[in-house]
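User: I'm new to this one, could you walk me through it?
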Amino acid sequence: MKQMDLHLAIEDGRVVCRSCGEDICAAEENYKLHSLCERKPLTEAGALVNDPAVYVDDEMEFRQFYCPGCATLLENEVIKSDHEPVHDKQVFSE
């Protein structure tokens, strides 16, 4: 098993949850597309986050991604509402 971060690992070419062992997707895929996703207003990202409309014209949102097996929080993301999740953890073969 190769650790990707605190909550995810690669095992036999698959992304798995380190908390429950849930098989999430193939290692080359964006795990966020296979996770549970909660979409929230950006202001829910924290007490110090202002309304994004003050700074940008685009609609922004706060996303939280969870393991589909045990609901462990895997990642947070602030992104334009109409964008696909960022593929932030990519595995490259050596």
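User: Which residues make up the largest nonpolar core?
Analyst: This is a predicted model, in which local features need pLDDT of at least 70, side-chain atom pairs count only at pLDDT 80 or more, and totals for chains, interfaces and linings use all residues. Residues are numbered from 1 along each chain as its sequence is written, and side-chain values use heavy atoms, with hydrogens and water left out. The largest nonpolar core (buried Ala, Val, Leu, Ile, Met, Phe, Trp, Tyr and Cys residues joined through side-chain atoms within 4.5 Å) has ten residues in all: Leu8, Ile10, Val15, Cys17, Ile24, Cys25, Ala27, Tyr31, Cys67 and Leu74. At least two residues of this core come from each of β2 (8-11), β3 (14-17) and β4, where strands are DSSP runs (E, at least two residues) numbered from the N terminus.
User: And why is β6 called largely enclosed?
Analyst: Because six of the seven residues of strand β6 (residues 60-66) are buried, meaning under 20% relative accessible area with a 1.4 Å probe, protein chains only.
User: Which strands does β6 pair with, and in what sense?
Analyst: Strand β6 pairs in the antiparallel sense with β5 (residues 36-41) over six bridges and with β7 (residues 73-80) over seven bridges, where pairing needs at least two DSSP bridges between two strands. Tyr66 stands opposite Leu36 in the first pairing and opposite Leu73 in β7.
User: New topic: is Lys32 buried or exposed?
Analyst: Lys32, in the loop between β4 (23-26) and β5, is buried, with a relative accessible area of 4%.
User: What does Lys32 touch?
Analyst: Not counting residues up to four places away in sequence, Lys32 has contacts (heavy atoms within 4.5 Å) with Phe65, Glu75, Glu77, Pro85, Val86 and Asp88.

Terms used
Buried < 20%, exposed > 50% of the residue type's maximum accessible area, 1.4 Å probe, protein only. Helix = DSSP H or I, 4+ residues; strand = E, 2+ residues; numbered from the N terminus.
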